[in-house]
Amino acid sequence: MTPPDPPPWKPGPWRSLLLPGLVLLAMPWVAWWAWRTERRTLRQGRPLFSSEWSAAERVGVRHPEKVRVLALEAIPVPGFPWMHRLAARVGFDRRHIGGLCLRYAILLRRDLAAQPLIMAHELVHTAQFERHGSLSGFLRTYLLQCLRSGYANAPLEREAVAKSQPVPRPPEPQSWPPRRPQVR
Ligand SMILES: [Zn+2]
């Protein structure tokens, strides 16, 4: 997921014990929701453009041909409004979500859908889903990491941020002698 600026993370017994328990209990239902949302997106979404296909290969997606992309007004999240309020308190405010990856389904908020950085970020999550082998396997690991370390420090999220950065361009050839900055 891609919220622009996650709030600071303050771990405590509530987040380290009770919430992971709730996540594990809710897992079958979350996985069912994710599977249904992925299936719907695969039916309605568009395939990757060629530049997105290259980005997918660059970040390690094994099957870019399976990916479908759908732009929406708001990203759907599972659960009831009270769950969304609870999630907002632990750093998952749905209003901040710019994109969501459910294996081969990539959902993007319409106003952010043209940003290649967000697409690359979600494609890293697709590659992570492929590595984990199943929807529920990845989601369980991802959500528990977010609870343990905070969204911004979860290892799977850090990998997505790091790998989605644009490839650095080679440095411009320097002119010689180097120009001194002018001080007035
Ligand atoms: Zn993410």
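**Figure 1. Helices α4 and α6 pack against each other in this predicted model.** Helix α6 covers residues 155-163, and its axis lies 8 Å from that of α4, at an angle of about 130°. Axes here are lines fitted to C-alpha atoms, for helices over the stretch in contact, and angles run from 0 to 180 degrees between N-to-C directions. Helices (H or I, at least four residues) and strands (E, at least two) are DSSP runs, numbered from the N terminus. The angle makes α4 and α6 oblique to each other; under 35 degrees would be roughly parallel, over 145 roughly antiparallel, 65 to 115 roughly perpendicular, and the rest is oblique. Their crossing is right-handed, as the near helix is turned clockwise from the far one by less than a right angle (anticlockwise would be left-handed). On the α4 side you'll find H121, V124, H125 and Q128, and on the α6 side L156, E159, A160, V161 and K163. Those residues split into 4 nonpolar, 3 polar and 2 charged. Nonpolar covers Ala, Val, Leu, Ile, Met, Phe, Trp, Tyr, Cys and Pro, charged covers Asp, Glu, Lys and Arg, and the others, Gly among them, are polar.

Now for the ground rules. Residues are numbered from 1 along each chain as its sequence is written. Since the model is predicted, local features need pLDDT of at least 70 and side-chain atom pairs count only at pLDDT 80 or more, while totals for chains, interfaces and linings use all residues.

**Figure 2. Helices α2 and α4 make another oblique pair.** Helix α2 takes in residues 50-58 and α4 residues 116-132. Their axes sit 9 Å apart, at an angle of about 45°, and this crossing is right-handed. From α2, E52, A55 and A56 meet P116, M119, A120 and L123 of α4; contact means C-beta atoms, placed from the backbone, within 7 Å. The mix here is 6 nonpolar, no polar and 1 charged.

**Figure 3. The largest nonpolar core has 31 residues.** Such a core is a set of buried Ala, Val, Leu, Ile, Met, Phe, Trp, Tyr and Cys residues joined through C-beta atoms within 7 Å. Buried means 20 or more other C-beta atoms within 10 Å of a residue's own, exposed means 12 or fewer, and partly exposed is in between, with C-beta atoms placed from the backbone. A56, V59, I106 and L123 have the most contacts inside the core. At least two residues each come from α1 (13-44), α2, β2, β3, α4 and α5 (135-149), and α5 gives the most, with 7. Leaving out residues up to four places away in sequence, L123 touches A55, A56, V59 and V61.

**Figure 4. R103 is in the loop between β2 (99-102) and β3 (105-109).** R103 isn't a glycine, yet its phi is positive, at about 60°. Most residues other than glycine have a negative phi. R103 counts as buried, because it has 23 C-beta neighbours inside 10 Å.

**Figure 5. R131 is in helix α4.** With 12 other C-beta atoms within 10 Å, R131 is exposed. Its C-alpha atom is 9.3 Å from that of V61, though the two residues are 70 apart along the chain.

**Figure 6. The chain has 6 helices and 3 strands.** Follow the sequence and the pattern reads α-α-β-α-β-β-α-α-α. Of the 184 residues, 26% are buried. Among contacts between residues at least 6 apart in sequence, 72% join residues at least 24 apart.

Note on methods
Two residues are in contact if their C-beta atoms, placed from the backbone, lie within 7 Å.
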